[in-house]
2 protein chains.
Amino acid sequence: MHKPLAAPPSETVQAQVAKTRRAARALARLSGDDRNRLLLAAADEIEARSADILAANQRDCDALAPQVASGKVAQAMAKRLKTSAAGVREMAAHVRDVAKLADPLAQVFSTTELDDGLILEKVSCPLGVIAVIFESRPDVVPQVGSLAIKTGNGLVLKGGTEARQTNRVLHAIWREVLARHAAALADAICLLEERAEIMQVLGMERDIDLVVPRGSTEFVNFVFQNSCIPVLGHGSGICHIYVDASADLEKSKPIIVDAKAQYPAACNSVEKVLIHEAVADRFLPELAAALQQAGVEIRGCERSRRIVPGISAATEEDWQTEYCDLKLTVRVVRDLDEAIDHIERYGSRHTESILTEDTSAAERFLDEVDAASVFHNASTRFADGYRYGFGAEVGISTSKLHARGPVGMEGLISYKYKLRGSGQTVSPYAEGKRTFKHKKR
Amino acid sequence: MHKPLAAPPSETVQAQVAKTRRAARALARLSGDDRNRLLLAAADEIEARSADILAANQRDCDALAPQVASGKVAQAMAKRLKTSAAGVREMAAHVRDVAKLADPLAQVFSTTELDDGLILEKVSCPLGVIAVIFESRPDVVPQVGSLAIKTGNGLVLKGGTEARQTNRVLHAIWREVLARHAAALADAICLLEERAEIMQVLGMERDIDLVVPRGSTEFVNFVFQNSCIPVLGHGSGICHIYVDASADLEKSKPIIVDAKAQYPAACNSVEKVLIHEAVADRFLPELAAALQQAGVEIRGCERSRRIVPGISAATEEDWQTEYCDLKLTVRVVRDLDEAIDHIERYGSRHTESILTEDTSAAERFLDEVDAASVFHNASTRFADGYRYGFGAEVGISTSKLHARGPVGMEGLISYKYKLRGSGQTVSPYAEGKRTFKHKKR
């Protein structure tokens with residue numbers, strides 16, 4: 001089941017992942033209390049080693065500085081890489097937050113008595129081994145590590161070269177805390193450092209159950225195309241806001257400015273605004289002024305350019321592009337149906353919002369628009385695991401299977417069916433001598 | 001996001017799937033009662049047109065007869081193709097059963113008050129459009145059709161050439177019942193007939209949300225390798241039974257014979273038996289005699305061949321092979337750990353069973369073996385949607401994401417997050433001026 005590009009795993013990566021898989025089995029056998037103890041011990045250790053973490057982080061930042069100065073690396077990357085004493089305290093606090101969540105492995109989803117002495121239980125269980133490939137931000141190591149331990153999963157981490165020193169110290173903390181609890185747990189979280197190892201990881205569909213790529217759209221799409229392992233992530237976030245005929249225009253303006261300008265690089269920032277023709281003449285000039293004041297460059301359809309002549313013409317490519325920048329494309333639409341059709345055609349099924357005081361229009365939009373998150377009278381920027389109250393976020397998924405939208409702990413568990421019998425064979429049921437009871441308990 | 005082999009969709013298939021996608025949106029807008037009315041109307045129509053269905057089926061069987069006679073096509077395929085008056089009544093009955101199930105689209109999984117007037121709801125929704133590729137058995141058309149309508153999904157069916165006439169009549173019934181309810185629904189279920197169209201379907205990841213391949217292991221693996229669309233299915237079923245030191249041997253023998261011989265072609269039939277060394281000397285000769293009486297050919301490891309000299313030697317390939325036939329491989333193992341390790345290495349994560357009177361050994365096996373279905377003292381043949389009480393089965397999934405094991409209606413739904421606000425922007429939360437309440441309702 002290899003797709004062509006995945007490289008055969010080298011002895012080393014294969015051996016490391018096999019060790020992680022074995023340690024994951026030991027981890028899954030621990031009680032929920034024991035898994036929480038590991039988390040609390042790691043949080044204490046992170047705080048105790050704050051100076052080590054900060055020193056390592058400084059070395060990483062120093063090493064990156066010349067590349068930032070020469071323009072080879074974006075300022076934004078350097079900013080994401082840098083942590084602080086407060087940042088380290090926050091890492092520890094987030095690990096403690098995960099310890100407080102209910103045990104995801106203790107769930108019985110259903111119990112059915114198939115027949116006398118033949119009981120079927122559907123129970124939660126870990127996925128197995130998860131691989132997370134990420135860039136710069138070193139807080140991924142404690143954050144994803146705590147989710148993996150909480151859910152009883154092995155974890156293969158591949159961090160960016162730029163954060164190598166910081167990642168090593170944070171990974172060493174996990175390793176020590178795990179080994180101190182039991183030697184068999186030591187390898188439950190492993191850290192890969194070489195870029196070449198990514199292709200090897202993507203080819204290990206028998207040993208890795210889920211890949212979470214965190215990075216650029218290009219990188220995420222590359223992973224989707226080059227692995228037979230299920231992928232949790234999102235390629236792009238082409239989010240729309242539709243301003244309905246019955247929108248409260250005073251309310252609408254700040255929502256759109258927030259959705260675009262509050263943090264334009266985020267995947268949940270708005271990229272396209274669709275405006276009902278009944279309010280376009282009045283709203284568009286006001287909106288354009290507010291956006292331009294926030295530094296946003298506007299492109300638009302023919303009709304919108306007739307209303308605000310200063311807007312440059314939008315091309316077909318504009319509708320398909322996630323700018324991640326202070327740019328926005330606007331279109332005047334005939335009605336709600338045209339807005340829904342536009343989103344069906346161009347949306348990336350991430351987050352879509354309608355602004356209206358007409359409840360039935362809002363409910364139609366929420367029901368019919370095919371996206372992970374559908375909003376009424378709110379900024380698209382709310383689509384986020386922390387804002388949704390999940391405690392910790394694995395990523396945002398635009399897949400409709402398994403885990404959708406912002407994904408918390410539940411994205412890292414599966415279920416299995418346990419059937420407890422007393423010697424039953426299928427024959428008497430197949431021959432009609434016995435019938436199933438199928439009694440739900 | 002194309003993998004290389006998927007062909008670009010032809011105008012015709014693309015146009016058909018687009019119509020199905022549009023009709024699916026109309027279907028998802030119907031109330032649960034209306035969707036049930038469609039099902040009951042179809043069930044009545046199936047019964048009313050029994051003679052048409054049987055005549056078409058006879059034409060299919062006649063057309064296949066020469067190929068069966070010449071040995072080009074297996075007898076088993078001819079048998080699966082053939083239906084009867086009772087078979088048609090059963091098709092109608094199964095459609096009515098689906099109508100009785102609770103509405104899967106009416107589920108609210110959680111409601112969270114993020115802040116005053118900002119309410120987040122996690123609700124069920126259809127996947128969109130599902131493609132099911134199947135062979136011979138024409139009862140797939142009413143069965144999967146009823147699940148698609150119940151779950152508000154569009155359905156693209158591609159049946160085998162050998163069942164073309166029967167499939168056409170059954171598909172015409174869906175089409176008429178849908179069109180009679182509303183013209184916009186007519187295309188919600190479409191039927192493709194050309195083999196070449198399969199490759200086109202596999203390349204349409206924007207318009208098809210899930211592919212369900214039902215057929216040979218080779219075909220299912222081909223689909224897994226050649227589509228970026230999520231696949232629900234299972235490649236092979238290499239199921240094990242482990243006979244523990246504390247097994248009740250009298251109980252164990254009929255379970256193993258049932259699991260192997262009751263229907264050896266099924267994916268949930270047992271392929272390998274692992275026997276604890278403490279009971280091997282006593283149990284293996286008895287088991288071999290019982291299996292040989294049922295016509296089963298046995299292969300085995302060195303130790304088992306010393307106990308029962310008539311057994312032929314098992315090769316490495318045997319452990320990796322799903323026979324789907326009256327063949328079985330046996331191995332003597334040192335203990336429960338060796339059995340679990342063997343299953344971890346060779347199992348296809350479908351269904352695994354332990355036979356023992358030792359509850360703690362049973363619980364360890366159920367917890368630690370990584371498979372969709374894990375059984376204690378029961379035949380592996382129980383792993384089946386009907387036997388689990390799901391009413392109707394889409395397929396059996398060995399994936400751990402989304403849907404696992406026998407998959408009923410819930411495998412065809414996803415969820416979305418609906419956020420209802422009153423003009424909120426992210427800025428005040430990002431700037432620390434407001435904090436989230438995250439109050440679960």
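Helix H2 of chain B (residues 32–48; helices are DSSP runs of H or I with at least four residues, and strands runs of E with at least two, numbered from the N terminus) comprises 17 residues and spans 24 Å from its first C-alpha to its last, close to the 24 Å expected at 1.5 Å a residue, where the expectation is 1.5 Å times one less than the number of residues. This is a predicted model, in which local features need pLDDT of at least 70 and side-chain atom pairs count only at pLDDT 80 or more, while totals for chains, interfaces and linings use all residues. Residues are numbered from 1 along each chain as its sequence is written, with chains lettered from A and ligands numbered from 1 in the order in which they are written.

The buried residues of H2(B) are B:Arg35, B:Leu38, B:Leu39, B:Ala42, B:Ala43 and B:Ile46 (buried, 20 or more other C-beta atoms within 10 Å of the residue's own; exposed, 12 or fewer; partly exposed in between; C-beta atoms placed from the backbone). They cover an arc of only 135 degrees around the axis, which puts them on the same side of H2(B); the arc is that of the directions from the helix axis to the C-beta atoms. On the other side of H2(B), B:Asp33 and B:Ala48 are exposed. The cover over the buried residues includes helices H5 (85–100), H6 (140–150) and H7 (164–181) of chain B, contact being defined by C-beta atoms, placed from the backbone, within 7 Å.

Chain A contains 16 helices and 17 strands, and 50% of its 441 residues are buried. Chain A superposes on chain B by a rotation of 180 degrees with 0.0 Å of shift along the axis (RMSD 0.1 Å), by least squares on the C-alpha atoms of residues with pLDDT of at least 70 in both. The two copies are thus related as by a two-fold rotation axis.

Definitions and conventions: Contact = placed C-beta atoms within 7 Å.
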